[in-house]
Amino acid sequence: MSVNNNLHLIYGPVRSRRLGYSLGVDIVPLKTCSFDCIFCELQRRTDILTLERKPYASKELVLEAINRVLPSLENSLDSITFSGSGEPTLNSELGEILFSLKKRTRVSLTVFTNSTLLHIKEVREELSLADRVKCTLSTVTPELFNIINRPVPGLTLEMVIDGIVSFFKSYKGELWLEIMILKGFNDSEEEMKKIYETISHLPVSLIHLNRPVRVSTEPGLMVIKEEELQELSDVFHPFKVLIV
């Protein structure tokens, strides 16, 4: 079943290897993000590159859109997933939306985040309401961070890593970590070992080794082969690793 929604706040549900039957929720406008990643498959450049939190999509509109379709989907859904066109934690009403949904449904709530606002205590507290959080960390080398993620001015790799460590130590739900691997950039065993050393003491349930599979908006990027990802996955033993 596909849901038509003029507000473009929800999409799907879709079948996901990771999440099962998932209803997507998009609470920021297209390409409103704290990163301008070279691998982004949405469009060439980020429209709004920011760390400013505000109600880009109000909780009233988001909850109205979800509640409109939830009665007919609830028994078959495995996840309500906050992801989509930008960084969901930029929406300052994310916590209120999650709180309302926790009272409304038993469907698992999942948030995909690029980890850039985890250094903010309020954001960590809001995300604690989710049943599952997937964070992203694709490099622990500052030079690569600036090349791959092209962060908003003022955001440092140290802030991102500190936020991840603080959140992972306090969060009680299911934690996933995604590493987006780009051939010729962060695909070395040395870089993977650095990431492993950074997260080895954290309670990560599942590591996703991901790669851009659709044509990127950035010219010249090469896609790493699956067998190369399999070799890199050995670095993260004994963590459970999924090649995405």
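Let's start with what helix 6 packs against: in this predicted model, its buried residues touch helix 4 (142-148), helix 5 (157-170), strand 8 (174-180), strand 9 (206-210) and helix 7 (226-233). Which residues of helix 6 are the buried ones? Helix 6 covers residues 189-199, and the buried ones are E191, M192, I195, T198 and I199. If you look down the axis of helix 6, these buried residues fall within an arc of 115°, so they line one face of the helix. Here's the background to that pattern: an α-helix has 3.6 residues a turn, so residues three or four places apart point the same way. Now go round to the other side of helix 6, where you'll find E190 and E197, both exposed.

Two of those packing partners, strands 8 and 9, also belong to a sheet. That sheet is an open one with eight strands, and their order is 1-2-5-6-7-8-9-10, with mixed pairing. At its edges sit strand 1 (10-16) and strand 10 (241-243), each of which pairs on one side only. On average, neighbouring strands of this sheet are turned by 25° against each other, ignoring direction.

Let's zoom in on one pair of strands. Strand 2 (residues 20-25) and strand 5 (residues 79-82) run parallel, and four bridges join them. In this pair, V25 stands opposite F82 of strand 5. Over at strands 9 and 10, helix 7 lies across both of them, and helix 7 runs at about 170° to strand 10.

Next, have a look at two loop residues. Is C37 buried or exposed? You'll find C37 in the loop between strand 3 (32-33) and strand 4 (48-49). Its relative accessibility is 11%, and the cut-off for buried is under 20%, so C37 counts as buried. Leaving aside residues up to four places away in sequence, C37 touches I148, N149 and R150. Along the chain, C37 and N146 are 109 residues apart, yet in space they are 9.2 Å apart, C-alpha to C-alpha.

And what about K172? This residue lies in the loop between helix 5 and strand 8. Exposed means over 50%, so with a relative accessibility of 77%, K172 counts as exposed. Try finding L77 from there: K172 and L77 are 95 residues apart in sequence and 22 Å apart in space, C-alpha to C-alpha.

How values were computed
Residues are numbered from 1 along each chain as its sequence is written. This is a predicted model: local features need pLDDT of at least 70, side-chain atom pairs count only at pLDDT 80 or more; totals for chains, interfaces and linings use all residues. Side-chain values use heavy atoms; hydrogens and water are left out. Buried means under 20% relative accessible area, exposed over 50%, partly exposed in between (1.4 Å probe, protein chains only). The arc is that of the directions from the helix axis to the C-beta atoms. Contact means heavy atoms within 4.5 Å. Two strands pair if DSSP finds at least two bridges between them. Axes are lines fitted to C-alpha atoms, for helices over the stretch in contact, and angles run from 0 to 180 degrees between N-to-C directions.
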